[in-house]
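Trainee: Please take one part of this structure and go through it closely. I would like to follow the charged side chains and the strands around them.

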Amino acid sequence: MASCGGGGGECHQSHCQRSEEDGGAEEETRERVASLSFAGDSPTSSATGDGALERCTKCGETVAAAAPRAVNGLCAACFRAYLFGKFKLAVTTNAMISPTDNVLVAFSGGPASRIALQFVHEMQCISLKNWDASKSQALPVFGVGVAFIDESAISIGPLHEMNKVIAQIRSIVSTLSPAHKELHIAPIENICSTSSNDGRIRLNELLDSVTDATGKEDFMKYLRMLTLQKIALDNGYSKLLLGSCTSTIACHVISATVKGQGYSLPGDVQYVDARWEVPVVLPLRDCTAEELNKLCHLDGLELLQLIKRPSNSINSLVSSFVARLRDENPSRERTIVRTAEKLRPFCFNKFVENTYHEFVPSRLRCKFQNINNSETALSEVLCPLCGSPLSEPEVQSLRNIQEKTQTPVENFAAHCCQSCSFQILPKGAESLQQFYTVLPQSVTVRVTDGTSDHSQLGELIDDYLLVVDDDDDDGT
Amino acid sequence: MEEGGATARPRRATGRLCSTCNQRKAALKRPKTLEQICRECFYSVFEDEIHNVIMDNNLFKPGERVAVAASGGKDSTVLAYVMSELNRRHNYGLDLFLLSVDEGITGYRDDSLETVKRNEIEYGLPLKVVSYKDLYGWTMDEIVKTIGLKNNCTFCGVFRRQALDRGAALLKADKLVTGHNADDIAETVLLNILRGDIARLSRCTFITTGEDGPIPRCKPFKYTYEKEIVMYAYFKKLDYFSTECIYSPNAYRGFAREFIKDLERMRPRAILDIIRSGENFRTATSTKMPEQGTCERCGYISSQKLCKACLLLEGLNRGLPKLGIGRARGTNGLNKRVEQRNLRSERTGSNIESKQCGTLDF
């Protein structure tokens with residue numbers, strides 16, 4: 001079914017009679033991207049046909065037949081500039097990186113995180129040049145580090161493969177000069193225990209007790225985030241940068257919907273996620289996986305070939321569904337993300353005010369939470385496993401359980417969102433207890449019991465209390 | 001409790017007892033929960049769940065005249081059966097009757113209408129039929145002949161909605177009930193996400209809609225699985241018409257439907273989870289939502305100057321089949337589109353059938 005996709009804007013398919021009159025002024029860039037990315041797909045799609053010289057639609061440069069095939073109607077240089085432009089726009093509009101920041105880039109070896117690393121490096125080089133050239137050198141240049149999670153403890157590949165992979169990463173990072181970047185390789189089992197062997201055992205025990213295939217995958221994802229947070233905290237990083245692109249986020253929108261996480265979904269799709277101790281930023285949010293793949297190919301960027309374990313989960317079902325949609329209409333991923341953008345984000349989707357806040361241009365001040373507004377401070381209860389804010393009914397059932405006396409395990413389980421409760425927590429009191437004991441401490445400490453909330457409230461009004469009333473144990 | 005789909009269990013264990021009554025032999029596995037259950041307990045749990053949905057959501061008041069939208073298909077047949085059964089059993093005090101729409105699709109609708117006429121006799125509910133021909137002057141057969149198979153579902157869906165409202169008004173009904181089931185609503189949630197339709201996304205999980213319009217309509221089957229409806233009809237040997245509409249193969253909904261079928265196999269509760277997600281979506285305050293007004297021509301509820309049905313009809317009658325299909329561009333979208341279409345059809349001598357591209361719209 002060779003429909004042109006109907007995304008609006010000009011369509012290059014020769015038999016399509018739609019023309020520019022259908023394109024709206026609004027969202028023109030998006031539509032151009034849609035038609036552009038489709039036009040670049042098949043060799044027969046260019047209007048001029050194979051072999052003929054094509055002109056870059058932006059700079060008008062003729063792209064010789066021998067040169068890398070013109071991508072999306074753009075020459076390689078313009079395409080690169082276009083993607084970097086999106087990255088830079090996301091960073092500046094959302095005040096993602098300040099000069100005093102130390103940014104940790106999560107590197108998985110795939111095209112998206114490779115581009116993220118490359119672009120951050122280029123931004124850093126530009127800042128460095130400016131700093132060199134400036135007389136006062138008042139504002140420092142932000143620092144960049146790279147983190148890679150070593151999952152050989154649970155992988156199916158042979159062990160020596162991981163050594164090769166690590167050597168490859170080191171060589172990639174070393175090419176990013178002049179500014180030095182610290183490389184952190186963290187084995188995933190470290191989250192469970194500092195001793196490697198013990199960690200391995202505990203991690204595997206944890207994973208074995210999660211019987212649902214999707215739950216297991218998602219649990220791994222949450223452990224990865226915890227590992228990244230740990231690396232960032234231990235090494236003094238102030239921001240965590242992920243290469244999550246439009247395609248990843250589109251898949252997440254659908255899978256979160258399918259798992260009943262409609263309430264918490266908006267919090268995961270924004271540029272900024274400040275619910276973590278080290279805020280997470282997603283500057284590649286507006287680039288599709290296809291675009292990032294193309295750029296890696298064009299620039300000859302080295303990617304890691306990591307063995308992927310076969311998956312029979314809802315996540316992989318969603319991936320293939322989105323891939324089918326993308327084949328039918330390349331701009332579908334962007335539309336899915338845009339729908340999620342129209343949902344209400346959470347207060348943690350803005351940065352918390354900090355000392356740098358004063359240097360931020362006033363038009364960007366709105367990107368920061370107003371701490372004095374008490375509503376933002378403690379409004380959401382977060383699931384200790386996935387970090388999702390609990391919806392009203394979930395909070396209600398949590399409070400109901402907290403009113404009765406409960407064990408730490410029961411309290412923990414009550415704090416988990418319904419999705420994690422269903423797909424991750426083991427059923428049965430004994431297995432749940434066992435699971436809880438093996439859980440990393442960084443997970444279990446995220447849960448408060450009902451009483452500590454009360455003392456926090458007491459602290460807030462401490463100045464005004466005349467009598468300390470110990471008899472009041474209502475907890476409300 | 002619920003069983004996850006990932007654990008292996010022996011299928012069709014012989015001699016297994018119903019997990020609810022532990023007396024009778026299990027006859028089926030419940031699609032919603034995978035529990036093994038006998039026929040009688042299945043009927044009970046099926047009917048009770050619907051009764052609870054009706055009670056919890058205060059769907060009806062005693063003495064109301066309620067039109068049951070009946071197509072002759074499994075959903076509406078089971079709906080008519082269960083509604084009249086529950087009305088009797090729990091004394092809802094409702095005045096029920098059947099309302100059917102004749103879209104004028106030969107070989108499909110004329111057959112299914114026969115089924116509805118049999119239902120009228122079998123369930124003792126009076127029947128009213130309204131037809132596209134009478135209301136709009138066009139049958140679906142004629143429409144498809146004019147516009148082809150790309151956007152025909154759009155026309156049919158829009159026209160049917162109005163047809164039901166008008167039929168219900170003719171019957172002086174207080175409410176309309178439709179047989180939309182959990183699968184339908186889950187598909188709609190997904191489709192609205194795919195289409196970027198935030199306005200519909202925020203409304204599509206409401207169990208009652210149109211309270212501020214001519215006739216409120218509700219969906220008692222909102223949490224009922226399609227498979228369970230089929231099972232109920234099968235075991236109760238209810239009379240229904242089971243062929244798919246002959247014009248439907250190209251409907252975009254098929255994408256979502258296939259995905260949901262795969263999903264249900266992996267995790268049955270996912271269908272209800274999608275609905276729950278849909279209920280929990282909160283629109284950002286900055287998002288602009290369409291304002292609700294009335295159609296200038298026919299007075300029907302509409303967010304634009306002309307309601308969709310009038311717009312589509314206009315297109316049909318003026319030989320502009322794309323009118324109302326695709327995105328509108330601002331308030332003078334209608335005028336602008338009409339000009340452009342006139343220009344284009346003059347220029348290209350447009351052959352409607354050859355138009356490859358179209359956008360989703362329904």
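Mentor: What follows is a close look at strand S3 of chain B and its surroundings, and then at some other charged side chains and a sheet in chain A.

This is a predicted model, in which local features need pLDDT of at least 70 and side-chain atom pairs count only at pLDDT 80 or more, while totals for chains, interfaces and linings use all residues. Residues are numbered from 1 along each chain as its sequence is written, chains are lettered from A and ligands numbered from 1 in the order in which they are written, and side-chain values use heavy atoms, with hydrogens and water left out.

Start with the strand itself. Helices (H or I, at least four residues) and strands (E, at least two) are DSSP runs, numbered from the N terminus. In S3(B), four of the five residues are buried (under 20% relative accessible area; exposed is over 50% and partly exposed in between, with a 1.4 Å probe and protein chains only). S3(B) pairs with S4(B) in the parallel sense over five bridges, where a pair of strands requires at least two bridges found by DSSP. Within this pairing, Val68(B) has Leu98(B) in S4(B) as its bridge partner. S3(B) also pairs with strand S6 (residues 175-177) of chain B, again in the parallel sense, over three bridges. There, Ala67(B) stands opposite Leu176(B). Together with helix H2 (residues 74-89) of chain B, S3(B) and S4(B) make a right-handed β-α-β unit; right-handed means that, with the strands pointing away from the viewer, the path from the first strand over the helix to the second runs clockwise.

The strand pair also carries a salt bridge (a side-chain nitrogen of Lys or Arg within 4 Å of a carboxyl oxygen of Asp or Glu). Arg65(B) and Asp95(B) form it, with the closest N and O atoms 3.2 Å apart. Arg65(B) belongs to S3(B) (residues 65-69) and Asp95(B) to S4(B) (residues 95-102), so the link joins distant parts of the chain, 30 residues apart. Arg65(B) is partly exposed at 29% relative accessible area, and Asp95(B) is partly exposed at 37%.

Over all chains, the count comes to 48 salt bridges. Another one joins Lys222(B) and Glu279(B), whose closest N and O atoms are 2.5 Å apart. Lys222(B) sits in the loop between strand S8 (217-218) and helix H9 (226-235) of chain B and Glu279(B) in helix H11 (residues 270-280) of chain B, so this pair ties together parts 57 residues apart in sequence. Lys222(B) is buried at 4%, whereas Glu279(B) is partly exposed at 34%. Asp197(B) and Arg195(B) meet in a salt bridge at 3.5 Å, N to O; Asp197(B) is buried at 14%, and Arg195(B) is buried at 17%. Elsewhere, Glu47(B), Glu85(B), Arg88(B), Arg89(B) and Lys236(B) are linked in a network of salt bridges.

One charged residue of chain A makes a contrast. Arg332(A), in helix H11 (residues 332-341) of chain A, is buried but has no salt bridge, and Glu328(A), the nearest side chain of opposite charge, is 4.1 Å away. Its side chain instead reaches the backbone oxygen of Leu194(B) at 2.9 Å.

Last, the sheet in chain A. Six strands form an open sheet of mixed pairing, in the order S5-S4-S3-S6-S8-S7. The edge strands, S5 (182-187) and S7 (272-273) of chain A, each pair on one side only. S7(A) pairs with S8(A) (residues 280-281) in the antiparallel sense over two bridges, and Asp273(A) stands opposite Val280(A).

Terms used. Lys and Arg count as positive and Asp and Glu as negative; His and the chain ends are not counted. A polar contact is a pair of N or O atoms within 3.5 Å; within protein, one must be able to donate a hydrogen and the other to accept it, and residues adjacent in sequence count only if both atoms are side-chain atoms.
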